[in-house]
Amino acid sequence: MPFVRTVARWSMPVVALSAFALPSLAADKKPAAAPSATTKPWEAEQPAVEKIDLDAYMRIRQEGMQHGRVMQFASALVDGIGPRLTGSPNMAKANEWTRETLSKIGLENAHLEDWGEFGMGWQQINSWARLVSPDPEPLWIQAAPWSPATKGSVSGQAILVDVNEMKDIEKYKGKLAGKIVLFGAPRAVPDLDKPLFHRYTDEELKEMESYPAARTGGPNPLAAAAERARIRTEALKLMTEEGVAAIITPSRDGSNGGGTGIIFDDNGANLVRGAQNAATAVKIPNAVMTIESYGRLARLLGASVPVELEVNIETRFTGDHEHGFNTVAEIPGTDPKLKDQVVMVGGHLDSWVSATGATDNAAGSVVAMEAMRILKAIGYKPKRTLRIALWSGEEQGLCGSRAYVHTHFGGPEGSPTPVCGAAPSPNAAPAAIKTTKEWETLDGYFNVDNGTGKLRGVYTQENYAIGNVFAQWIAPLKDLGLTTISYRNTGGTDHQSYDAVGLPGFQFIQDPMDYGSRTHHSNMDTYERLHEADLEQAAIVEAIFLYNTSEREAMLPRKTFPHPELNKQKDAPIPGLFPNAVEKK
């Protein structure tokens, strides 16, 4: 998962732990007024003091710490199934395994929801490369997702193709037939002047509570990305027409972990967006190489030294029209008035392919499974229905969760279910949101997808009404390291699908560990990078958040419903603002 963060200010109330231990203190408070017949459940008056059941906290903590199963879940998923590219045979195995496992631990209505066509099913079988001349040497590569096979090893002279503008393509015409193309300039390898592993300090967590400076305007990033894609597509067209033998791209650059002998075989490695679709897929076998090996080849070519390579990319396609599925299961609610309302937890089950997808995002998936197991194991009978959803297609643009939200809760008015892998329009106008009846029943969604680190707090997605609620929930959990409420938005994962339609969707603040530097979308993303104590803590925290949400009399407060038409007015000039302005005719 790629993740992005922006922010807003908050002020944490002083909450004494003793207040939670003495229910009589809360009982002395004036009860909230009963909602009128026209008041929506999420608009009801919120209690000033949350009812905190410390006995439930204790039972959840004891079950999670003394009888935890999170690492057993992780090994079965990561080691037993392996990488889980959406549409692949392994993804199908993961869907089936999670459905069966959730049933075994006592959840009900465990099923797979088909969210529509994804594209080509694909597997990497084997990939290798070697420098033949001027000096024999093995080279490290991984097949780029959805690359066709070379049908055995192929040999050829290497050529560096670096295009930044349309006019750059002309100089390669007539020079590419039978060549193995190094596509793109070599990446810089930085000095490792800071640790690759990090936990948040108290100062960093405190900073997350602050409101950031406003960002200045700049070029439209979507427009710039669209232009780069257009140039790359034309270059690929030339390579296809001239019969290139194979394409090799350099791995991610040094700004985010590159330069440490790691292959980041992810969405940045795909030569086109929507590479899983047969119509837009690259027809030439292509792979990703460590930037150290790539740099040597580029320097040799730059010195006019002929370079011969041998490459073998062995892959398998399983169909052009594979569908995507989400795994869903429940603990039904028991309160006659509240059981139709739903509290959700989840994470994305899919991964990239160069390793086994342990921290991205088997970690978040098994944490959600363990949270549900804990609640089931302690015999909890929730007031509201608790539902887990494990998504596919997250890595191609939150496809599974976006489709689920669109089907169950709503989306842009008049639009079909989002097409997975389609590039967003750089100039798309915001559309009004149309909701379903189910939209009224969703109380909240909680997500983990920033690796294996300990949870340190919650991002509220600029939901200012909910900070006081969450602050009281986490006050008894400070000994677990959970201390911070940040009103900032955080992006890059499935809670955004809920937030986009005005529903409470939240991602936890999580220690970064070596997620950005080593494991995110890389061949290092294996079981060995998981931290058992941190995942146990995360499951306990999620279970407590599910418990508290289910037990509240009032639904969680929501942000103001999104009104895209207001965005159109944001930059509109105010008539008559400047005293000497002349009205245009």
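## A buried pair between distant loops

Arg552 is buried in this predicted model, its relative accessible area being 6%, and its partner in a salt bridge is Glu50, with the closest N and O atoms 2.8 Å apart. Arg552 belongs to the loop between helix H14 (532–551) and H15, whereas Glu50 belongs to the loop between helix H2 (23–27) and helix H3 (54–66), so this pair ties together parts of the chain that are 502 residues apart in sequence. Glu50 has a relative accessibility of 4% and therefore counts as buried too, since the limit for that class is under 20%.

## Other salt bridges

The residue that follows in the numbering, Glu553, forms a salt bridge with Lys383, and here the closest N and O atoms are 3.1 Å apart. Glu553 is again in the loop between H14 and H15, while Lys383 is in the loop between helix H9 (358–377) and strand E11 (385–391), so the pair ties together parts that are 170 residues apart in sequence. Glu553 itself counts as exposed because its relative accessibility is 58%, and the exposed class begins over 50%.

A further salt bridge brings together the side chains of Lys437 and Glu440, at 3.2 Å from N to O. Lys437 counts as exposed, at 64% relative accessibility, whereas Glu440, at 27%, counts as partly exposed. Charged side chains are also joined in a network of salt bridges, whose members are Arg199, Arg456, Asp511 and Asp534. The count of salt bridges comes to 23. In general terms, side chains of opposite charge can pair when their charged atoms come close.

## The disulfide

A search of the whole structure finds one disulfide, and this disulfide joins Cys399 to Cys420, with an S to S distance of 2.0 Å. The two cysteines stand 21 residues apart and link distant parts of the chain, Cys399 being in helix H10 (residues 399–408) and Cys420 in the loop between strand E12 (410–412) and strand E13 (433–435). The link of Cys399 and Cys420 is right-handed, with 80° about the S-S bond, and both Cys399 and Cys420 are buried. A disulfide is a covalent bond between the sulfur atoms of two cysteines.

## A nonpolar surface patch

On the surface, Ile574, Leu577 and Phe578 form a nonpolar patch, and together these residues have about 370 Å² of accessible area. Ile574 lies in the segment after helix H15 (564–569), and this residue counts as exposed because its relative accessibility is 57%.

## The chain as a whole

The protein chain has 15 helices and 18 strands, and of its 585 residues 52% count as buried. When contacts between residues at least 6 apart in sequence are considered, 85% of them join residues at least 24 apart. The accessible surface of the protein chain comes to about 26000 Å², and carbon and sulfur atoms account for 54% of that surface.

Key:
Residues are numbered from 1 along each chain as its sequence is written. This is a predicted model: local features need pLDDT of at least 70, side-chain atom pairs count only at pLDDT 80 or more; totals for chains, interfaces and linings use all residues. Side-chain values use heavy atoms; hydrogens and water are left out. A disulfide is a pair of cysteine sulfur atoms within 2.5 Å. Helices (H or I, at least four residues) and strands (E, at least two) are DSSP runs, numbered from the N terminus. Buried means under 20% relative accessible area, exposed over 50%, partly exposed in between (1.4 Å probe, protein chains only). Patches are made of residues with over 30% relative accessible area and no salt bridge: like charges are joined within 9 Å, nonpolar side chains (Val, Leu, Ile, Met, Phe, Trp, Tyr) within 5 Å. Accessible areas come from the Shrake-Rupley method with a 1.4 Å probe; for residues, only the protein chains shown count as cover. A salt bridge is a side-chain nitrogen of Lys or Arg within 4 Å of a carboxyl oxygen of Asp or Glu. Contact means heavy atoms within 4.5 Å.
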